[in-house]
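Work through the following exercises with the sequence and the coordinates open side by side. Each task is followed by a solution that proceeds step by step.

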Amino acid sequence: MTVEEPKQNPTHALYKPNFRTERYPKNRTPWISSFEQYKAMHEQSINEPDVFWRLRASELVEFNTPFHTVCSGSLSEGNVKWFEGGKLNISYNCVDRWAEKTPDAVAIIYEADQPGGAKSVTYKELLDQVSRIAGVFKSFGLEKGDTVAIYMPMVPEAAATMLACTRLGLVHNVVFAGFSAHSLAERIRDSNSKVVVTSDQGLRGGKIIHNKKIVDEALLTCPSVTKVLVFERTGAEVPMQQGRDVSWSKALSEQNEFVPPVFVDSEDPMFIMYTSGSTGKPKGLLHTTAGYLVGVAMTARYSFDLSSGDVICSTADVGWITGHSYAVYGPLCLGVTTVIFESIPNYPDGSRLWKVVEDHKVTHLYTAPTAIRSLRRLGDEFVNCTDLSSLRVIASVGEPINPEAWVWYKSVVGKDLCPVVDTYWQTETGSHLITAIPFATTTKPGSATFPMFGIEPAILDPNTGEELTGPNVKGVLCIKKPWPSIARSILGDHDRYLTTYMHAYKGVYFTGDAAMRDEDGYYWINGRVDDVINVSGHRMSTAEIESAIIQNESVAESAVVGIEDEITGQSICAFVTLQAGLKESDQIKKSIIAKIRSEIGPIATPKNLVFVNELPKNRFGKILRRILRKIASGESDQLGDLSTVADPHSITELVARVHIML
Ligand code: WTA
């Protein structure tokens with residue numbers, strides 16, 4: 001494993017926050033208003049974790065039965081438990097208690113795909129809806145511990161469905177409604193989901209997505225599913241299978257009784273979220289109840305400085321972990337307003353996202369570098385024609401943010417009056433690991449800055465596993481101590497969980513990312529060191545794409561690499577060799593791409609697909625991706641040591657070929 005040079009050039013520009021001169025309500029002070037306060041809290045979280053977390057848990061979450069032990073178990077044994085002995089209910093914490101205290105406060109603002117179709121849902125209304133959905137689930141015979149798959153567009157009903165699952169102690173498995181029928185089926189089967197909640201159709205950027213049709217196709221191979229609840233998003237006629245498919249509007253309107261929350265144990269499973277790993281099979285990461293909720297509420301409060309009355313817009317779909325933690329559970333657990341944005345930032349034009357901020361007086365914007373880069377490219381006029389004066393904190397997630405995009409975000413979007421918060425974390429970690437604190441941390445463009453509370457990072461030498469202490473070191477990023485929202489297992493494969501995360505390096509959690517700590521102790525994330533690529537903030541496994549490609553009978557071999565892309569961070573480049581005697585053609589190319597889209601989904605479509613005569617291999621037949629990556633990135637003059645290549649002549653041919661193709 002090699003660690004490459006940091007992509008960003010650490011700049012020395014420093015941005016010191018000051019809530020008195022930035023946009024901050026006069027009658028409030030930030031949760032954390034100085035770096036000293038951050039440091040003191042961080043030190044306590046590491047040196048006295050019991051004291052720190054007991055306090056946070058009691059401030060942020062209501063337990064029905066108090067816990068007796070804050071934390072037990074260890075990373076190396078992969079048996080971490082948090083808040084044991086406690087009983088609680090997630091939907092009670094995110095909905096009921098606010099419906100009691102502030103019933104008319106807005107829980108969700110729905111910004112529909114077509115501009116002009118916004119609507120608000122108050123906490124009281126959300127409670128009514130969550131209770132009705134829970135009632136429908138009960139009528140389906142679902143019981144605590146059963147799994148429900150959710151394949152829905154970004155609508156408030158998706159969040160309500162997730163909350164309804166937690167109300168009964170059901171485990172949800174949200175699958176991004178851009179995945180193909182094949183991927184959905186794989187996730188339904190692996191999680192043994194009994195019920196699927198979907199919509200007739202979805203709408204994104206004016207395009208229709210045939211959700212119900214995709215579910216129908218997926219269910220041909222999912223015998224465990226007995227009921228499908230179909231939300232009417234567009235009202236289109238869709239085939240309904242008698243006995244199995246149930247209309248959302250009809251079923252919910254028939255519910256007359258209030259369904260009380262079921263209090264579950266702190267460590268009871270809460271949800272499964274599939275993500276890509278180094279191998280072809282997606283991993284179903286299992287998150288549990290109390291630790292997850294405390295983790296997301298704590299980070300939502302401190303990383304964003306969120307308080308009641310604030311409006312957060314997290315543009316990530318609920319099908320991803322960011323949608324779970326910071327569009328649904330974090331904001332609602334704090335009783336603030338969350339904007340569910342169904343569309344895309346540039347539909348119908350480049351001012352859409354900014355209009356959303358203006359229309360709904362968004363105070364906190366949370367989006368991905370890809371979106372920032374592509375909106376920046378459209379020009380400042382789209383930003384400047386809107387009123388963004390409601391914004392107070394602007395945040396980024398999903399991939400490293402390059403300093404140019406960071407500075408544009410800060411100056412053009414934030415008018416130099418809002419701190420930029422770059423949050424580094426993962427599906428596995430549930431909540432932020434490394435992030436600036438908006439009104440406390442002096443930021444450097446491109447650096448995620450310092451560890452969140454409870455997080456003790458370590459940079460290790462990738463080959464020896466030795467910790468590299470002090471400033472100016474780079475290596476693989478690991479975390480030394482357990483934190484509440486860490487995933488507890490990979491569903492059905494605890495061994496894979498142990499090998500991937502806990503045993504790669506002794507006694508620590510391995511993130512799979514490379515990082516650098518600079519002379520001032522700032523962390524810079526340099527991207528994955530495994531075979532995971534990150535396109536527009538979406539994680540994909542090269543092995544998964546390769547296995548879709550080789551299903552085409554014309555294909556002999558394939559190798560997929562991620563290469564740097566100005567807008568999407570990385571893009572997919574696939575190298576393909578054909579069976580002997582076959583000639584490349586547009587038709588073969590089209591059928592390979594169609595297979596990738598049907599096996600995984602449109603998000604896995606390669607930007608470049610190159611037919612080559614031979615792939616570079618070492619003497620043991622292992623494909624040398626490092627070389628392919630360099631060639632695809634136009635760095636054929638920097639291929640480095642070629643002594644391991646079995647047939648060095650193949651490289652010359654490959655370089656010439658790729659040069660013509662790309
Ligand atoms: C990358 C998304 C740099 C990283 C929350 C990580 C980032 C993977 C950042 C997790 C960031 C996420 N800076 N890299 N601020 N945030 N990443 O599971 O490689 O979809 O391992 O979770 O995205 O992606 P995931």
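**Exercise 1.** Decide whether Leu252 is buried or exposed in this predicted model, and identify which residues Leu252 touches beyond its neighbours up to four places away in sequence.

*Solution.* Begin by placing the residue: Leu252 is found in helix H8, which covers residues 248-253. Next, take its relative accessibility, which is 7%; since buried means under 20% relative accessible area, Leu252 counts as buried. Then list the contacts, leaving out residues up to four places away in sequence, which gives Gln129, Arg132, Ile133 and Val136. Finally, check how far along the chain such a pairing reaches: Val130 is 122 residues apart from Leu252, and the two C-alpha atoms are separated by 9.8 Å.

**Exercise 2.** Trace the order of the eight strands in the open sheet, and explain why one side of E12 and of E24 is left without a neighbour in the sheet.

*Solution.* Following the pairing from one end to the other gives the order E12-E11-E8-E6-E7-E14-E15-E24, with mixed pairing. Strand E12 (245-247) and strand E24 (489-490) are at the edges and have a single partner strand each, so one side of each lacks a neighbour in the sheet. Within the sheet, strand E6 (residues 147-151) and strand E7 (residues 171-174) run parallel and are joined by four bridges; to fix the register, note that Thr147 has Val171 in E7 as its bridge partner. To complete the picture, look for what covers these strands: helix H10 (residues 321-333) lies across E7, strand E14 (269-275) and strand E15 (283-288), and its direction makes an angle of about 140° with E14.

**Exercise 3.** Find which residues have the most contacts inside the largest nonpolar core, and which helix gives the largest share of this core.

*Solution.* The largest nonpolar core has 125 residues, and the most contacts inside it belong to Phe83, Leu126, Phe137 and Tyr329. Assigning the members to elements shows that helix H9 (residues 289-304) supplies the largest share, ten residues. There is also a second, separate core of 39 residues, with Ala149, Val535, Ile545 and Ile592 among them. Returning to Leu126, and setting aside residues up to four places away in sequence, its contacts are Val95, Ala107, Ile108, Val121, Ala160, Leu163 and Leu332. As background, nonpolar side chains in soluble globular proteins tend to be buried together.

**Exercise 4.** Describe how H1 packs with H2, and then how H12 packs with H14.

*Solution.* Two packed helices are described by the angle between their axes and the distance between the axes. For helix H1 (residues 35-47) and helix H2 (residues 49-60), the axes come within 5 Å and cross at roughly 115°, and H1 and H2 are therefore roughly perpendicular to each other. In this contact, Met41, Gln44, Ser45, Ile46 and Asn47 of H1 meet Pro49, Val51, Phe52 and Arg56 of H2, a set that divides into five nonpolar, three polar and one charged.

For helix H12 (residues 369-377) and H14, the axes come within 10 Å and cross at roughly 75°, and these two helices are therefore also roughly perpendicular to each other. Here Ile372, Arg373, Leu375 and Arg376 from H12 meet Glu404, Ala405, Trp408 and Tyr409 from H14, which by class amounts to five nonpolar, no polar and three charged residues.

**Exercise 5.** Determine which way the side chains of strand E22 point, and name the bridge partner of Ile459 in E23.

*Solution.* In a regular strand the side chains alternate between the two faces of the sheet. In strand E22 (residues 457-460), Pro457 and Ile459 point one way, Ala458 and Leu460 point the other way, and all are buried. Strand E23 (residues 473-479) runs antiparallel to E22 and is joined to it by four bridges, with Leu477 as the bridge partner of Ile459.

**Exercise 6.** Locate the cis peptide bond before Pro348, and state what phi is at Lys415 and at Ser536.

*Solution.* Most residues other than glycine have a negative phi, and most peptide bonds are trans. The bond from Tyr347 to Pro348 is cis, with omega near -5°, and Pro348 lies in the loop between strand E17 (337-341) and helix H11 (352-360). Lys415 has a positive phi, near 50°, and lies in the loop between helix H14 (403-413) and strand E20 (420-424); its relative accessible area of 33% makes Lys415 partly exposed. Ser536 likewise has a positive phi, of about 50°, in the loop between strand E27 (532-535) and strand E28 (538-541), and at 23% relative accessibility Ser536 counts as partly exposed.

Note on methods
Residues numbered from 1 in each chain as written. Predicted model: local features only at pLDDT ≥ 70, side-chain atom pairs only at ≥ 80, totals over all residues. Heavy atoms only, no water. Pairing = 2+ DSSP bridges. Contact = heavy atoms within 4.5 Å. Axes fitted to C-alpha atoms, helices over the stretch in contact; angles between N-to-C directions. Core = buried A, V, L, I, M, F, W, Y, C linked by side-chain atoms within 4.5 Å. Buried < 20%, exposed > 50% of the residue type's maximum accessible area, 1.4 Å probe, protein only. Parallel < 35°, antiparallel > 145°, perpendicular 65-115°, else oblique. Nonpolar A, V, L, I, M, F, W, Y, C, P; charged D, E, K, R; others polar.
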